[in-house]
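Reader: Hey, I've got a new structure open and I'd like to talk it through. Can you help me find my way around?

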Amino acid sequence: MSTDLTFSDDGVDVVYEGTEFRLEKDLIEEATGKGFRDVTDHEVLQIVAEEPDLDGEPVRIGDVL
């Protein structure tokens with residue numbers, strides 16, 4: 001099952017295994033120890049899932065926004 005991430009300036013909307021929720025910017029920064037724009041999509045997936053499918057190259061949130 002896939003995980004969908006939608007990035008905005010103040011957090012990430014997540015759909016994981018059919019459940020929708022939001023990860024706030026502050027939570028992501030605390031979990032990764034990085035500034036929000038420097039966090040990658042792969043790092044967000046690792047917060048969400050125990051064993052995420054990390055296909056492709058990681059992309060910084062700052063590059064997405």
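Author: Sure. Keep in mind that this is a predicted model. A good place to begin is helix H2, where Asp41, His42, Glu43, Val44, Leu45 and Val48 are buried.

Reader: OK, so how many residues of helix H2 are buried, out of how many?

Author: It's 6 of the 8 in residues 41-48, so helix H2 is largely enclosed by the rest of the structure.

Reader: And what do those buried residues of H2 pack against?

Author: They pack against strands E1 (3-8), E2 (11-16) and E3 (19-24), and also against helices H1 (25-32) and H3 (61-64).

Reader: Asp41 caught my eye. What's the nearest side chain of opposite charge?

Author: That would be Lys34, but it is 10 Å away. Asp41 is buried and has no salt bridge.

Reader: Hm. Then what is Asp41 in contact with, leaving aside its neighbours within four places in sequence?

Author: Its contacts on that basis are Leu5, Phe7, Glu57, Pro58 and Val59. Seen from the other side, Phe7 is in contact with Asp41, and also with Val12, Val44, Ile61, Val64 and Leu65, again leaving aside neighbours within four places.

Reader: Switching to the sheet. In what order do the strands come, and is the pairing parallel or antiparallel?

Author: The sheet is open, with 3 strands in the order E1-E2-E3, and the pairing is antiparallel. E1 and E3 are at the edges with a single partner strand each, so one side of each has no neighbour in the sheet. On average, neighbouring strands are turned by 20° against each other, direction ignored.

Reader: How many bridges are there between E2 and E3?

Author: 6, in the antiparallel sense. As one example, Val15 has Glu20 in E3 as its bridge partner.

Reader: Where do the helices sit on that?

Author: H1 lies across E2 and E3 and runs at about 75° to E3. H2 also packs on the sheet, where it touches E1, E2 and E3, and its direction makes about 125° with that of E1.

Reader: Which residues make up the largest nonpolar core?

Author: There are 10: Phe7, Val12, Val14, Leu23, Ile28, Phe36, Val39, Val44, Val48 and Ile61. E2 and H2 each supply at least two of them. In soluble globular proteins, nonpolar side chains tend to be buried together.

Reader: Now charges. How many salt bridges does the count come to?

Author: The count is 6. One of them joins Arg22 and Asp13, with the closest N and O atoms 2.8 Å apart. Those two belong to a salt-bridge network that also includes Asp10 and Glu24.

Reader: Are Arg22 and Asp13 buried or exposed?

Author: In between. Arg22 is partly exposed at 29% relative accessible area, and Asp13 is partly exposed at 36%.

Reader: Which salt bridge links distant parts of the chain?

Author: Asp38 with Arg60, where the closest N and O atoms are 3.1 Å apart. Asp38 is in the loop between H1 and H2, while Arg60 is in the loop between H2 and H3, 22 residues apart.

Reader: What else does Arg60 meet in a salt bridge?

Author: Asp63, at 3.0 Å from N to O. Asp63 counts as exposed, with 55% relative accessibility, whereas Arg60 is partly exposed at 31%.

Methods
Residues are numbered from 1 along each chain as its sequence is written. This is a predicted model: local features need pLDDT of at least 70, side-chain atom pairs count only at pLDDT 80 or more; totals for chains, interfaces and linings use all residues. Side-chain values use heavy atoms; hydrogens and water are left out. Buried means under 20% relative accessible area, exposed over 50%, partly exposed in between (1.4 Å probe, protein chains only). Helices (H or I, at least four residues) and strands (E, at least two) are DSSP runs, numbered from the N terminus. Contact means heavy atoms within 4.5 Å. Two strands pair if DSSP finds at least two bridges between them. Axes are lines fitted to C-alpha atoms, for helices over the stretch in contact, and angles run from 0 to 180 degrees between N-to-C directions. Lys and Arg count as positive and Asp and Glu as negative; His and the chain ends are not counted. A salt bridge is a side-chain nitrogen of Lys or Arg within 4 Å of a carboxyl oxygen of Asp or Glu. A nonpolar core is a set of buried Ala, Val, Leu, Ile, Met, Phe, Trp, Tyr and Cys residues joined through side-chain atoms within 4.5 Å.
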